[in-house]
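Colleague: Got a minute to go through this one with me? I'd like to hear how the labels were arrived at.

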Amino acid sequence: MNHAETEAPLPGFLSFLRKRPTGTTGWKSWLTTVDHKRIGILYFWTSLFFLLIAGGEALLMRAQLAGPDKTVLGGDLFNQMVTMHATTIVFLAVMPLSAAFMNYFVPLMIGARDVAFPRLNAFSYWLYVVAAIVLNASWFLGGAPNFGWFGYANLTSTAYSPTHGAEFWILGLAVISISSTVAALNFIVTILNMRAPGMKLLKMPVFVWMSLITSVILILALPPVTIGLIYLLSDRMVGTGFYDPSMGGNVLLWHHLFWVFGHPEVYIIVLP
């Protein structure tokens, strides 16, 4: 019995998610690929690139701290480096590196020909690339955010962060959140529905189990921080007061929404 026979049929309006483009060769094929191994390789090299970017930012910070009265970075630029270094490490390097190995190995380990939704898998990768571009565009458009990767609400207000770096940070994280949610749903469906005949859940390799658990944690942890980011963007651009006590808001609301994601994030990174 082949996998085409064992895959559950999809409604017509969703069938395009499993279709594969044909006829593209050469380097252009990497831009349109929906093959899980190729997408895993794309994740791998892209995440290593941003690991180098984050490493360069760390070296600049260490050069500033190497001795008293150094002038490598000014105070505000140092804070920008701290924010972007941590954001890049967590969201653009380590999490996508896990996705690289999950994309490449999970279908092979469970005997599936690909992930459940190949096009959705490619969509997730390119969303990650867009998020990375948005996050780093702030360097060239008025300065990066300077409030730390945790973005505590009083520091992200327009009073303390008047530049548009915060908006780039918010939009970039929102896009990466959508990317990770889509990828997690894809892996959950793949692992639960596309295992080879005879492979029970308890016979799956440990890495596949960790990929499944990580995907479930992502589904649970990302919505709260995404909602927090929407509130934050609304406060800055529309004038709402979700985090402004003078308008009936609460600064601690962001802390709670962020750390509902921040604590599971440790396991999202470590388990795979």
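**Labels and cut-offs**

Modeller: Trp 126 touches Trp 30 and Leu 31, leaving out residues up to four places away in sequence; contact here means heavy atoms within 4.5 Å. This is a predicted model, where local features need pLDDT of at least 70, side-chain atom pairs count only at pLDDT 80 or more, and totals for chains, interfaces and linings use all residues. Residues are numbered from 1 along each chain as its sequence is written, and side-chain values use heavy atoms, without hydrogens and water.

Colleague: Why does Trp 126 count as partly exposed?

Modeller: Buried is under 20% relative accessible area, exposed is over 50%, and partly exposed is in between (1.4 Å probe, protein chains only). Trp 126 has 31% relative accessibility, so partly exposed is the label. Its place is in helix α5 (residues 118-137); helices are DSSP runs (H or I, at least four residues), numbered from the N terminus.

Colleague: And what makes Asp 69 exposed?

Modeller: Its relative accessible area is 74%, so Asp 69 is exposed. Asp 69 sits in the loop between α3 (36-65) and α4, and has a positive phi of about 60° despite not being a glycine.

Colleague: How do you know that the span of α9 agrees with its number of residues?

Modeller: The expected span is 1.5 Å times one less than the number of residues. For the 20 residues of α9 (residues 251-270) that gives 28 Å, and the end C-alpha atoms are 30 Å apart, so the two agree. There's a bend of about 30° at Pro 264 in α9, taken as the angle between axes fitted to the seven residues ending there and the seven starting there.

Methods. Helix = DSSP H or I, 4+ residues; strand = E, 2+ residues; numbered from the N terminus.
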